[in-house]
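Open your viewer, switch on a cartoon view, and keep the selection box handy. We will walk through this structure one stop at a time.

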Amino acid sequence: MSGLESSLHHASEELPGDVQTTFRRRSIYESSEEEEGSSLSFPANSLAGSLTASDDDGLEEKRHIEYNLPPDGGYGWLVVACSFLLEFFAEGPISAFGVFQEYYVNERFKGHTSNATISLVGVLNGSCMAILGVVSGKLCERYGYRIVPMCGIILLSLGYLLASFASEPWHLLLTQGVLCGVGTALTFMPALVVPAQWFDRRRGLATGIVNMGIGVGGIVWTQFNHMLIRKISVAWTLRLTSVVVLVACTLSLMLIKTHQVTAAPRKVGWQALNDRRLVLFMCGSFFTGVSSLVPFYYLPGYARDIGVSEGGGALIASMANAASLTGRLVATAVSDYFGPIVILLCAYFLTSTSILLVWTTTHGFAGTMAFGIVFGLGYGATFTQTSALIAKLFGVDALPVFVGLYYTLAGVGYLFGPPVAGVILEKTKSWGSPYLALKLYTGVPMVVACIAIILVKLSTKKRLAA
């Protein structure tokens, strides 16, 4: 035990029990030694101390860090509610893109485009959002969580508006793909980072509630788009979406406030990559990105090819999104009890087995519906734990950069996933088993991601044992 840990231990023994339980867990990157003659004082709602950090050249730099304890409630719950709405309106439509893809391929651009080309629109949207995660995190860190997301909301709304005038597939790539993706990238960071600043013991619950916004959004936007495209055309559906997103996201953003955990937030450098757990976790995010969007994009088309009606295909996609919401709810409820790593392992088990054991063996409506539900349960639980796990392993100060890095690598996976799946589908559609190659392509990367999380858990146990 280092000198600092010893001082904190003895000092905390003299404090009331309710104060002891609120100390923030020191990140592994805050390693330091107690300076000779330093003193520790404990204000009513913070923990302050003099720390000395040493670099590789043996030089020592004194820095003073004050920890403002998260309130674990209060205004934080309003932040959670507004972050939920931000996820609902900014990211929910991404999960519902399969409805647009089905319409673009089979009606609006029939004979002039392919599944692979149109799926690239949704992929560019999701991957731009994710790949720019690190950039968004650094911009928010520098300019704040109000200006940067507001720019993103404007770009997102503009992207949907311009997409409504598209007359060629490449118009959609630039508008509903790139422009909406960049807008979402700049918009979603407050919803992922800020709620975790307000909570400690209930952090898993708070971040889980926020992430349910995507699942609820996927359900609502799928049915909303399917209904309006038939009633008022795809162009007016996109225009209405543009207005709704602009108004709702702006109002939500205005009520989201940050809670500064440290007086001088720790900057995260390249040395963080020396942590094996971080490397494994980020590798898992890449392979998760490769697999996770493929079922949502191709389930409506797959349902049609095996004889399910158009409405039945939309119902399967909606049920998958509903199951995703259920997965988020369950994961949120038990996260603080079992821990984020255990929840992630269960989620990856569900997604992997649903693809490789259920989807590959069924060719009817009931089996496909069962696959959509089981996959949705696992998929929903997967992304509820990102912020909670990063905060637990690496500290709250690492959230903007590491959450951004996680989504950046997942975005690279998104960029490969559905387009490559579309190419595989075109080349192997004549096989005896419909979509078999696509199903295998979807399942194997998810298994690899599961193995990466297992190794993170083993590395964490080894570090604690040492």
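## A serine to start with

Select serine 459: with a relative accessibility of 12%, this residue counts as buried, because buried means under 20% relative accessible area. Serine 459 sits in helix H19, which covers residues 436–465. Now show its surroundings. Leaving out residues up to four places away in sequence, serine 459 touches Arg276, Arg277 and Leu280. Keep Arg277 in mind, as we will meet it again at a helix contact.

## Zooming out

Before going further, look at the whole chain. Remember that you are viewing a predicted model. The chain holds 19 helices and two strands. Of its 466 residues, 56% are buried. Among contacts with a separation of 6 or more, 82% are between residues 24 or more positions apart.

## Helix H12 and its partners

Next, select residues 276–292, which form helix H12, and residues 386–394, which form helix H17. How do these two helices run relative to each other? Their axes cross at roughly 170 degrees and come within 11 Å. H12 and H17 are therefore roughly antiparallel, since angles over 145 degrees count that way. The crossing of H12 past H17 is left-handed.

Show the side chains where these helices meet. On the H12 side, pick Arg277, Leu278 and Phe281; on the H17 side, pick Leu389, Ile390, Leu393 and Phe394. Colour them by class and you will find six nonpolar residues, one charged and no polar ones.

Stay with H12 and add residues 294–305, which make up helix H13. The axes of H12 and H13 come within 6 Å and cross at roughly 10 degrees. These two helices are therefore roughly parallel, because the angle falls under 35 degrees. Val290, Ser291 and Ser292 of H12 meet Val294, Pro295 and Phe296 of H13. By class, the contact of H12 with H13 has four nonpolar residues, two polar and no charged ones.

## Over to helix H11

Keep H17 visible and select residues 203–254, helix H11. What is the angle at which the axes of H11 and H17 cross? The answer is roughly 150 degrees, with the axes coming within 8 Å. H11 and H17 are therefore roughly antiparallel.

For the contact itself, select Arg203, Gly204 and Thr207 on H11, then Ser387, Ala388 and Ala391 on H17. This time the residues divide into two nonpolar, three polar and one charged.

While H11 is on screen, move along to serine 233, which is found in this helix. The phi angle of serine 233 is near 85 degrees, a positive value in a residue other than glycine. Is serine 233 buried, partly exposed or exposed? At 29% relative accessibility, serine 233 counts as partly exposed.

## A tyrosine in a loop

Now find helix H7 (133–143) and helix H8 (147–163), and click on tyrosine 145 in the loop between them. With a relative accessibility of 13%, tyrosine 145 counts as buried. Leaving aside residues within four places in sequence, the contacts of tyrosine 145 are Cys140, Met189, Pro190, Val193, Val194, Leu253, Thr258 and Pro400.

Try the distance tool here. Between the C-alpha atoms of tyrosine 145 and valine 193 there are 9.5 Å in space, while the two residues are 48 apart in sequence.

## Along helix H8

Follow the chain into H8 and select leucine 162. This leucine is partly exposed, with a relative accessible area of 38%. Apart from residues up to four places away in sequence, leucine 162 touches Thr175 and Leu179. For another distance, choose leucine 162 and leucine 238: they are 76 residues apart in sequence and 8.6 Å apart in space, C-alpha to C-alpha.

## Last stop: the nonpolar core

Which residues have the most contacts inside the largest nonpolar core? Select Tyr104, Phe281, Tyr297, Tyr348, Phe402, Tyr407 and Leu438 to see them. The whole core has 105 residues. You have already met Phe281, on the H12 side of the contact with H17.

Finish with tyrosine 104. Setting aside neighbours within four places in sequence, tyrosine 104 is in contact with Phe97, Phe109, Lys110, Thr113, Ile118, Leu172, Gln176, Val234 and Leu238. Leucine 238 is also the residue that you paired with leucine 162.

Technical notes: Residues numbered from 1 in each chain as written. Predicted model: local features only at pLDDT ≥ 70, side-chain atom pairs only at ≥ 80, totals over all residues. Heavy atoms only, no water. Core = buried A, V, L, I, M, F, W, Y, C linked by side-chain atoms within 4.5 Å. Buried < 20%, exposed > 50% of the residue type's maximum accessible area, 1.4 Å probe, protein only. Contact = heavy atoms within 4.5 Å. Axes fitted to C-alpha atoms, helices over the stretch in contact; angles between N-to-C directions. Helix = DSSP H or I, 4+ residues; strand = E, 2+ residues; numbered from the N terminus. Parallel < 35°, antiparallel > 145°, perpendicular 65-115°, else oblique. Left-handed = near helix turned anticlockwise from the far one by under 90°. Nonpolar A, V, L, I, M, F, W, Y, C, P; charged D, E, K, R; others polar.
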